[in-house]
Amino acid sequence: MAAKIKTKDKVVVLTGQDKGKTGEVIRVLPSENRVVVAGVNVVKKHQRQSARSEGGIVEMEAPIAVSNVAHLDPKDNKPTRVGFKTLEDGRKVRYAKRSGEIIDL
């Protein structure tokens, strides 16, 4: 099945403690149905000191379920669902169902 949310997509959080926040998708974890969004679901992790890194408390983004985020419509920056359609040249692209705008360029 094709991925509706990919890296570098602009998304908005629909539920949870970060509801309403927007950000860019940093990483997609398809096996777990989760995504990592910049500035959303920030947690503190206690990291042990090693030869490569300094120890201490580090803030990092934790994964969030794909069902809790929605694409931002490129036209009006509101949440939208994503559909697929085939263009005349044969390319399969994603589009915003809210406005009909093509997401992939």
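Valine 11 faces glycine 23 across the gap to strand β2. Another residue paired with β2 is lysine 10, whose bridge partner there is glutamate 24. The two strands involved are β1 (residues 10-13) and β2 (residues 22-29), and they pair in the antiparallel sense over 3 bridges. A quick word on terms: two strands count as paired if DSSP finds at least two bridges between them. Strands themselves are DSSP runs of E with at least two residues, helices are runs of H or I with at least four, and both are numbered from the N terminus.

Before going on, keep in mind that this is a predicted model, where local features need pLDDT of at least 70, side-chain atom pairs count only at pLDDT 80 or more, and totals for chains, interfaces and linings use all residues. Residues are numbered from 1 along each chain as its sequence is written, and side-chain values use heavy atoms, with hydrogens and water left out.

**The sheet**

Now follow β2 to its other partner. Strands β2 and β3 run antiparallel and are joined by 4 bridges, with leucine 29 standing opposite arginine 34 in β3. They make a hairpin with 4 residues between them, and asparagine 33 in that turn has a positive phi of about 55 degrees.

Zoom out and you get an open sheet of 6 strands, in the order β6-β3-β2-β1-β7-β8, with antiparallel pairing. At its edges sit β6 (64-65) and β8 (79-80), each of which pairs on one side only. What holds such strands together? Strands of a sheet pair through backbone hydrogen bonds.

In total, the protein has 0 helices and 10 strands. The UniProt record, an unreviewed entry, annotates residues 4-31 as "domain: KOW"; such annotations may be inferred rather than shown by experiment, and their positions are given in the numbering used here. That span is 0% helix and 43% strand, and its end C-alpha atoms lie 14 Å apart.

**Three residues to look at**

Buried means under 20% relative accessible area, exposed means over 50%, and partly exposed is in between (1.4 Å probe, protein chains only).

| Residue | Where | Relative accessibility |
|---|---|---|
| Lysine 8 | segment before β1 | 64%, exposed |
| Asparagine 41 | loop between β3 (34-37) and β4 (42-47) | 18%, buried |
| Histidine 71 | strand β7 (residues 69-72) | 3%, buried |

Lysine 8 has a positive phi of about 70 degrees, although it is not a glycine. Asparagine 41 isn't a glycine either, and its phi is also positive, near 60 degrees.

Which side chain does the side chain of histidine 71 make a polar contact with? That would be arginine 94, at 3.5 Å. (A polar contact is a pair of N or O atoms within 3.5 Å; within protein, one must be able to donate a hydrogen and the other to accept it, and residues adjacent in sequence count only if both atoms are side-chain atoms.) Leaving aside neighbours within four places in sequence, histidine 71 is in contact (heavy atoms within 4.5 Å) with residues including Lys10, Val11, Thr80 and Ile103.

**The whole protein**

The radius of gyration, taken over C-alpha atoms, is 17 Å, while a compact globule of 105 residues would have one near 13 Å. That globule rule is 2.2 Å times the number of residues to the power 0.38. The C-alpha atoms fill a box of roughly 55 × 30 × 20 Å along the principal axes, and 29% of the 105 residues count as buried.
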